[in-house]
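The following exercises concern a predicted model. Each task is followed by a solution that proceeds step by step.

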Amino acid sequence: MRTFCLVTLLIGACLALASRVNAATPQPEFVPEWAKSVVWYQIFPERFRDGDPSNNPHVEDIAGAYPDEPPSSWQIHPWGSDWYELQNYEKQNHDKDSGDHIQRRRYGGDLQGIIDELPYLKKLGITAIYLNPIFDAPSLHKYDAASYHHVDPNFGPDPVGDRALMAHEDPLNPQSWVWTRADELALKLIDEVHAAGMRIIFDGVFNHMGVKSFAFRDLVKNQQASPYRNWFKVNSWNDPAKGTVFDYKGWFGVKTLPELARDDHGLLAGPRDYIFNATRRWMNPKGRGIEHGVDGWRLDVAYCVPHGFWKAWRKEVRSINPNAYLSAELVLPYDDAKPYLKGDEFDGEMNYNFGQACAQFFFHPAPVRLSASAFDKKLQRLREAYPPGVAAVTMNLIDSHDTGRVGSLILNRQLGDFGKWAEYFQLSIPSKNPSYNTRRPGDAEIALQKLFVIFQMTYLGAPMVYYGDEVGMWGGNDPDCRKPMIWADRTYADEVYGVNGTTTHAPDKVSVREDLLAHYQLMIAIRNRHPALLRGEYRTLSTDNARGLFVFERTYGTDRVVVILNNSGESVDYQVKDLSSTRYRDEVSGAIYTPTKRNVSVTVPAHWGAVLAEASP
């Protein structure tokens, strides 16, 4: 008994020592280094730029997308038209509401349009692009993939020729896969993005496909005799003898999005192997090398796919490109997101928790509004929730293709709590909520957006800009957040129509908001020139609830940046202490400061910020 106790004590001592050693040993990072220092720009391809009108879709190209009923009349929608105004061709259709009309619209955005505007993104300071889906699909959003190994023909220069080539393939045999002209244009886009010193990731939608997919169409036709019989979640087959009809599971009940089959370990072999083959195709195209492939992936509704698939897929991705970046759409509380971000699935996520906390601090009034100290605690929990490196590469956003625009979020800041995702999602759909204000944000709202941008571009993590936010685009949730991009070289009608398509209001001018664009350019430039902001450590310096002050510093080597945010309606003073140089500059205003006894007093106007850094002599 004494021997047993001694052994037990020795084991306990060893375990305690191991625990102390492990606690003192830093956990290794698993994230790619490059992803720490990028500024993301999210592009919704169909709505970004029409660079080649000759490839615009025809009515037969949208068959299979919502709404299901074929239109009586259809055409490419005028890029600069009033968003809620029904065009003559739309009035001939019998859609139930304005949302159905809008979902039918195609504006002609394509890959050539993105290539044409790479200089614009470069000038803006963008260093990484996230593309919403570009794979073959009938919808405007492309989340109903017909395939993963081909770019949508209407995004390329020869839709008719591409479809003729694709018709002769065996989708189950990658050796038979052709490279269409749309595919080749995607490779050109990747190369030109890299040549411009930027990165690019594709959107992977591996939870479901569309009813127009090669696999599902064959399944419907051949039923249990189909080679794709195990690809989807089939509830019942066409069987007159049993009196059953074909039925299947659509994602969240949406029948245009049949779910891929899976078990507790991941997707079943058929869809899994196909996805792996398509992944290799875009990461090392034609075996020419990973420098010609995408730099990573954003994974749609990642929380719906079993962990086993993501673990196996990550190994496959990293075997191709060890520096690929993988970001998940999770939309989960951070505790629920932890299993996805341990290092064996994803590197980061679309950080909606960040956006929601920012809305609660910068935008929402009481009782939703967060104090500076409460905001600080939320941010701390997010930084510390995941393993080392994750917080530095996660995509810090405020809006996306699945939310209302930031300007409209601010305009409707009394509507509800953006942090209550499911509830606010419905409140922010104008066609479902008559109280939602669809007007253009004014100067007061833009001022708050600018304040948020100062924080977004100086905080820890990789900031992401949703296309058009920088020029003042506005709109509620889907579909209004997916308006055509505002370009200075295009003419736009004033917006005078309301959500019902008939109510009119005073004209809202649709044009580039130059002051906002200049502010984004400035703040992105500040971020890009400071190592401390790109990859530095973070420390909170002050949370003054009474004065609405939130102050923090970022440090990397000798580069130290102090960020002072005034989230109140009054001008405030803040003293920055322990400065080591003789000359400092507010990077936002350009003001120069000379320390007195190593301290500097900075006056920050209402709803504004200062970014203090050492100035060159």
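**Exercise 1. Locate P479 and describe the peptide bond that precedes this residue.**

Solution. Step 1: P479 belongs to the loop that runs between β14 (462-466) and β15 (495-497). Step 2: the residue joined to P479 is D478, and the peptide bond between them is cis. Step 3: its omega is about 15°. Step 4: D478 also has a place in the description of the largest pocket, as one of the lining residues that lie nearest the pocket's centre.

**Exercise 2. State where P67 lies and give the form of the bond from Y66 to P67.**

Solution. Step 1: P67 is found in the loop between β1 (40-43) and α2 (88-91). Step 2: the peptide bond that leads from Y66 to P67 is cis. Step 3: omega for this bond is near -5°.

**Exercise 3. Determine what is notable about the phi angle of Q223, and where this residue lies.**

Solution. Step 1: the phi value of Q223 is near 55°. Step 2: this value is positive, and the residue is not a glycine. Step 3: Q223 is situated in the loop between α8 and β4 (234-236).

**Exercise 4. Describe the largest pocket by its volume, its lining and the elements that contribute to the lining.**

Solution. Step 1: the largest pocket holds about 1300 Å³ of space. Step 2: its lining consists of 37 residues. W251, V254, F425, D478 and R482 are the ones that lie nearest the centre. Step 3: three elements, α3 (98-104), β7 (254-258) and α16 (421-427), each provide at least two lining residues. Step 4: α16 has the largest share, with four residues. Step 5: sorted by class, the lining comprises 17 nonpolar, 10 polar and 10 charged residues.

**Exercise 5. Carry out the same description for the second largest pocket.**

Solution. Step 1: this pocket contains about 520 Å³ of space. Step 2: it is lined by 21 residues, and D136, A146, M166, K212 and R217 are the closest to its centre. Step 3: α6 (159-166) and α8 (214-222) each contribute at least two residues to this lining. Step 4: α8 gives the most, namely three residues. Step 5: the classes are nine nonpolar, three polar and nine charged residues.

**Exercise 6. Classify the packing of α17 and α18: are the helices roughly parallel or roughly antiparallel?**

Solution. Step 1: α17 spans residues 443-456 and α18 spans residues 514-529. Their axes are 9 Å apart and form an angle of about 10°. Step 2: angles under 35 degrees count as roughly parallel. Step 3: the two helices are therefore roughly parallel to each other. Step 4: on the side of α17, the contact involves I446, Q449, K450, V453, I454 and Q456. On the side of α18, it involves D515, L516, H519, Y520, M523 and R527. Step 5: these contact residues comprise six nonpolar, three polar and three charged residues.

**Exercise 7. Apply the same reasoning to α9 and α10, and add the handedness of the crossing.**

Solution. Step 1: α9 covers residues 269-283 and α10 covers residues 307-320. They pack at about 25°, and their axes lie 10 Å apart. Step 2: α9 and α10 are therefore roughly parallel to each other. Step 3: their crossing is right-handed. Step 4: from α9, the residues R272, I275, F276, T279, R280 and M283 meet F309, A312, W313, E316, V317 and I320 of α10. Step 5: this contact has eight nonpolar residues, one polar residue and three charged residues.

**Exercise 8. Characterise the packing of α12 against α17.**

Solution. Step 1: α12 (residues 352-363) packs on α17 at an angle of about 130°, with the axes 11 Å apart. Step 2: this angle makes α12 oblique to α17. Step 3: the crossing of the two helices is right-handed. Step 4: F354, C358, F362 and F363 of α12 meet L448, L451, F452, F455 and Q456 of α17. Step 5: eight of the contact residues are nonpolar and one is polar, while no charged residue takes part. Step 6: Q456 of α17 also appears in the contact with α18.

Notes. Residues are numbered from 1 along each chain as its sequence is written. This is a predicted model: local features need pLDDT of at least 70, side-chain atom pairs count only at pLDDT 80 or more; totals for chains, interfaces and linings use all residues. Side-chain values use heavy atoms; hydrogens and water are left out. On a 1 Å grid over the protein atoms alone, a cavity is a set of points where a 1.4 Å probe fits but cannot get out, and a pocket is an open set with protein on both sides within 12 Å along at least five of seven lines; lining residues have an atom within 4 Å of a point. Grid points are joined across faces, edges and corners, and a volume is the space filled by probe spheres set on the points. Ala, Val, Leu, Ile, Met, Phe, Trp, Tyr, Cys and Pro count as nonpolar, Asp, Glu, Lys and Arg as charged, and the others, Gly among them, as polar. Axes are lines fitted to C-alpha atoms, for helices over the stretch in contact, and angles run from 0 to 180 degrees between N-to-C directions. Angles under 35 degrees count as roughly parallel, over 145 as roughly antiparallel, 65 to 115 as roughly perpendicular and the rest as oblique. Contact means heavy atoms within 4.5 Å. A crossing is left-handed if the near helix is turned anticlockwise from the far one by less than a right angle, and right-handed if clockwise.
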